[in-house]
Amino acid sequence: MKNLKKVLALVMACAMLFTMSSFAFTDVAEDASYLEAVTMLSKLGIINGYEDGTFLPDNTITRAEAAKVLVCALNAAEQAEGMAEDNIFTDVPGSHWAAGYVNYAANFGIIAGRGNGIFDPEAPVTYEEIVKMV
């Protein structure tokens, strides 16, 4: 019983250390005003930054990235991944990294295209567009 208590105490200590540590992108300073928000969104799986470990906080978010963030916030990433081949927009083929997210969001009325079957995934999302999406 005494050993069980020691093991349990060790496991709990490790768990506390894990939850207290913040996920850090290489370009997000420990004193950044948005560190807590970025860390929480990352832990929730809503954002994941770029493959090189950066977050690029000064970049403008694209329409495709906005679609992914919103779909992940709805906890629908798995369903979205299954919709990659739906080809709703001519400029978002199934091979595009955000195809499933864009198709899911379009299918559920979260986003709209620019007309003529175009989504324009790499264009910066405007304030008006993101407000409408949310």
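Start by selecting Lys68 and Asn48: their side chains make a polar contact at 3.2 Å. (A polar contact is a pair of N or O atoms within 3.5 Å; within protein, one must be able to donate a hydrogen and the other to accept it, and residues adjacent in sequence count only if both atoms are side-chain atoms.) Before you go on, know that you're looking at a predicted model, where local features need pLDDT of at least 70, side-chain atom pairs count only at pLDDT 80 or more, and totals for chains, interfaces and linings use all residues. Residues are numbered from 1 along each chain as its sequence is written, and side-chain values use heavy atoms, with hydrogens and water left out.

**Stop 1: around Lys68**

Keep Lys68 selected and colour helix H3, residues 63–73, which holds it. (Helices are DSSP runs of H or I with at least four residues, numbered from the N terminus.) Now show what surrounds Lys68: leaving aside neighbours within four places in sequence, the contacts are Asn48, Trp97 and Tyr101, where contact means heavy atoms within 4.5 Å.

What is the nearest side chain of opposite charge to Lys68? It's Glu81, 7.5 Å away, and Lys68 is buried yet has no salt bridge. Buried means under 20% relative accessible area, exposed over 50%, and partly exposed in between, using a 1.4 Å probe and protein chains only. A salt bridge puts a side-chain nitrogen of Lys or Arg within 4 Å of a carboxyl oxygen of Asp or Glu. For charge, Lys and Arg count as positive, Asp and Glu as negative, and His and the chain ends are not counted.

**Stop 2: the rings**

Next, look at the aromatics: a search of the whole structure finds three aromatic pairs. Select Phe89 and Phe119, whose ring centres are 5.2 Å apart with planes at 40°, so this pair is tilted. (Rings of Phe, Tyr and Trp, the last by its six-membered ring, pair if their centres lie within 6.5 Å; planes under 30 degrees apart count as stacked, over 60 as edge-to-face and the rest as tilted.) Phe89 sits in the loop between helix H4 (77–81) and helix H5 (99–107), and Phe119 in the loop between H5 and helix H6 (127–133), so the pair ties together parts 30 residues apart in sequence. Both Phe89 and Phe119 are buried.

Then pick Tyr104 and Phe108, another tilted pair, with ring centres 4.5 Å apart and planes at 40°. Tyr104 counts as buried at 12% relative accessibility, while Phe108 counts as exposed at 52%.

**Stop 3: from ring to charge**

Go back to Phe119 and add Arg63, which lies over the ring's face, 4.3 Å from its centre. (A charge sits over a ring if NZ of Lys or CZ of Arg is within 6 Å of the ring centre and within 35 degrees of the ring normal.)

How many salt bridges does the structure hold? There are three. In one, Arg63 meets Glu129 at 2.8 Å, N to O. That pair links distant parts of the chain, with Glu129 in helix H6 and Arg63 in helix H3, 66 residues apart. Both Glu129 and Arg63 are buried.

Add Arg114 now: Glu129 also bridges to Arg114, with the closest N and O atoms 2.9 Å apart. Arg114 lies in the loop between H5 and H6, 15 residues from Glu129. Finish with Asp120, in a salt bridge with Arg114 at 3.3 Å between the closest N and O atoms. Asp120 counts as partly exposed at 30% relative accessibility, and Arg114 counts as partly exposed at 43%. Select Arg63, Arg114, Asp120 and Glu129 together to see one network, joined by salt bridges that share partners.

Conventions
Helix = DSSP H or I, 4+ residues; strand = E, 2+ residues; numbered from the N terminus.
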